[in-house]
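Subject: The model for you to look at

Hi there,

Here is the structure I promised to pass on. Could you open it and keep it beside you while you read the notes underneath?

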Amino acid sequence: MGLCTFKGGVHPYDGKELSKDKPITEYLPKGDLVYPLSQHIGAPAKPVVAVGDTVLAGQMIAEAGGFVSAPIYATVSGKVKKIEPRRVVVGDMVNSIIIENDGEYKSVAYEEVDDVSALSKEEVLEKIKTAGIVGMGGAGFPTHVKLSPKEPEKIDYVIANCAECEPYLTSDYRRMLEEPEKLVGGMQIILSLFDNARGIIAIEDNKPDCIKLLSDLVKNEPRIEVKALKTKYPQGSERQLIYATTKRAINSTMLPADAGCIVDNTDTVVAIYNAVKLGRPLMRRIVTITGDAVVNPANYSIYIGTSYQELVEAAGGFKSQPQKIISGGPMMGFALFGLDIPTTKTTSALLCLTEDEVQKAEAQATNCINCGRCVEACPSRIVPSRLADFAQNHQEEQFEKWNGLECVECGSCSYICPAKRNLVQAIRVMKKTVLANKRKKA
């Protein structure tokens, strides 16, 4: 059987050899923990603690601010030191709860469930909601909302996004190798919510050990199968993954549920298992600290709220001062100007590079040479070079007419462009402008 894939995409240097063979190591934070109240799409969480309160690990410190929201839990024991705005990855100042870590890691008691199959669908959803689980692949959409479509009987596929196509990232790879039973267990729990659905564990074929391990684990599971994906970027993009595994297409006006699909990231599926089976709220996740500027690239199990600075120090610090530091991967991550930033539920990696390739490319940029490479690479089958022209000339009507809103902002066009044009950056800005103007008119 051939590999599952889609048209377009690129093959950047993946850099995974730096950290893929490094087993997950637990990191115990030393300094204060910072919990931004907006770690998800939707309404910010609301504090339920006050300055001076003593808290335990696993204690709720902020409740959901609405249906599309998620609660936040203390990941260490200690005292609430401040509630004030702190800088986050995207550069915004976000109201945050700061806890002074007492170093004792005293925890609330967790109640495990002996027989998950005995739980009703409503009980399962409530446990996921209460645990504060959100999409941990980067989007941060509250998971209980995603798992509550209007017509659950029309969901045909639940897809575990284990592609990890972004270069350098290896946290999902290590999770699959070291805790495959939790991934399968989480998939079983999600499938219990959808009577007609089949489970797909989708893994790129550059991870043959994971494909074999998980295939062996699910060989007697009639509702779950492992599908091997062709290794290329952006294979893990939601739209491309759905098409590759089911041949169903969605566009910018649709949700995956409209095509009968639910998609969750590897870590999200494991978090569902931890919440429903083990009774544990979302407090920890796996983060890759990597790049050619890092002394000892590694994969850490971190307590959410730990600062990036501490994690770099845990990895041995820098060999030399990096020119570029990115939260996430090089294709869709966010460039940072400092490390005094807290990790959150959606943190996947910190990438530290000795050279700033983007800055180099900007210095070499020329006019479009009409080669068509961006069109060949685009997974959305649109014309990035033309859309970037419309964006730079503020031609909103033409931008929409040429399907600019269908861009998934993967950056394949900018990567492949021989003229070194910032195509995706221009398109991204115009998309925001068009959508904002649509909201105003509405």
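Below is what turned up, grouped by region.

Please keep in mind throughout that this is a predicted model.

**Helix 4 against helix 7**

Let me begin with a helix pair. The axes of helix 4 (residues 180-191) and helix 7 (residues 266-276) come within 8 Å, crossing at roughly 75 degrees. Helix 4 is therefore roughly perpendicular to helix 7, since angles of 65 to 115 degrees count as such. The residues of this contact comprise nine nonpolar, four polar and one charged. On the helix 4 side they are Lys 182, Leu 183, Gly 185, Gly 186, Met 187, Ile 189 and Ile 190. Facing them from helix 7 are Thr 266, Val 269, Val 270, Ile 272, Tyr 273, Asn 274 and Val 276.

**Around Asp 172 and Glu 164**

Thr 266 turns up again in the surroundings of Asp 172, a residue of helix 3. Beyond its neighbours within four places in sequence, Asp 172 is in contact with Asn 161, Glu 164, Asn 265, Thr 266 and Asp 267. Asp 172 is buried, at 7% relative accessibility. Its C-alpha atom is 28 Å from that of Asn 101, and the two residues are 71 residues apart along the chain.

Glu 164, one of those contacts of Asp 172, deserves a look for its backbone. It is not a glycine, yet it has a positive phi of about 45 degrees. You will find Glu 164 in the loop between strand 9 (157-161) and helix 3 (171-178), and it is buried, with a relative accessible area of 8%.

**Other backbone features**

As you know, most residues other than glycine have a negative phi, and most peptide bonds are trans. Tyr 105 has a positive phi of about 55 degrees and is not a glycine. It sits in the loop between strand 8 (93-101) and helix 1 (121-130). Is Tyr 105 buried or partly exposed? At 23% relative accessibility, Tyr 105 counts as partly exposed.

There is also a cis peptide bond, between Tyr 233 and Pro 234, with omega about 0 degrees. Pro 234 belongs to the loop between strand 11 (224-229) and helix 6 (238-246).

**Gln 235**

The loop between strand 11 and helix 6 also holds Gln 235. Its relative accessible area is 0%, so Gln 235 is buried. A polar atom of the Gln 235 side chain lies 2.7 Å from the backbone oxygen of Lys 230. Setting aside residues up to four places away in sequence, Gln 235 touches a list of residues that includes Cys 4, Thr 5 and Phe 6, as well as Ala 163, Cys 165 and Glu 204. Leu 229, Gln 240, Leu 241 and Ala 244 are also among the residues it touches.

**Helix 11 and Glu 409**

Further along the chain, the buried residues in helix 11 (residues 384-392) are Pro 384, Ser 385, Leu 387, Ala 388, Phe 390 and Ala 391. What covers them includes helix 10 (373-377), helix 12, helix 13 and helix 14 (423-441). Just after helix 11, His 394 takes a positive phi of about 55 degrees.

Glu 409 lies in the loop between helix 12 (396-401) and helix 13 (412-416). Which side chains make polar contacts with the side chain of Glu 409? One is that of Arg 428, at 2.9 Å, and another is that of Lys 431, at 3.1 Å. Apart from neighbours within four places in sequence, Glu 409 is in contact with Met 332, Val 424, Arg 428 and Lys 431. Glu 409 is itself buried, with a relative accessible area of 18%.

**Cysteines**

How many disulfides does the structure hold? The count is zero. A disulfide needs two cysteine sulfur atoms within 2.5 Å. For Cys 210, the closest cysteine sulfur is in Cys 162, 8.3 Å away, so the separation is too far for a bond. For Cys 374, the closest one is in Cys 371, at 6.5 Å, which is also too far for a bond. Both residues count as buried: Cys 210 is at 0% relative accessibility and Cys 374 is at 7%.

Do write back with any thoughts once you have had a look.

Best wishes

Technical notes: Residues numbered from 1 in each chain as written. Predicted model: local features only at pLDDT ≥ 70, side-chain atom pairs only at ≥ 80, totals over all residues. Heavy atoms only, no water. Buried < 20%, exposed > 50% of the residue type's maximum accessible area, 1.4 Å probe, protein only. Helix = DSSP H or I, 4+ residues; strand = E, 2+ residues; numbered from the N terminus. Polar contact = N/O pair within 3.5 Å; in protein donor to acceptor, adjacent residues only side chain to side chain. Contact = heavy atoms within 4.5 Å. Axes fitted to C-alpha atoms, helices over the stretch in contact; angles between N-to-C directions. Parallel < 35°, antiparallel > 145°, perpendicular 65-115°, else oblique. Nonpolar A, V, L, I, M, F, W, Y, C, P; charged D, E, K, R; others polar.
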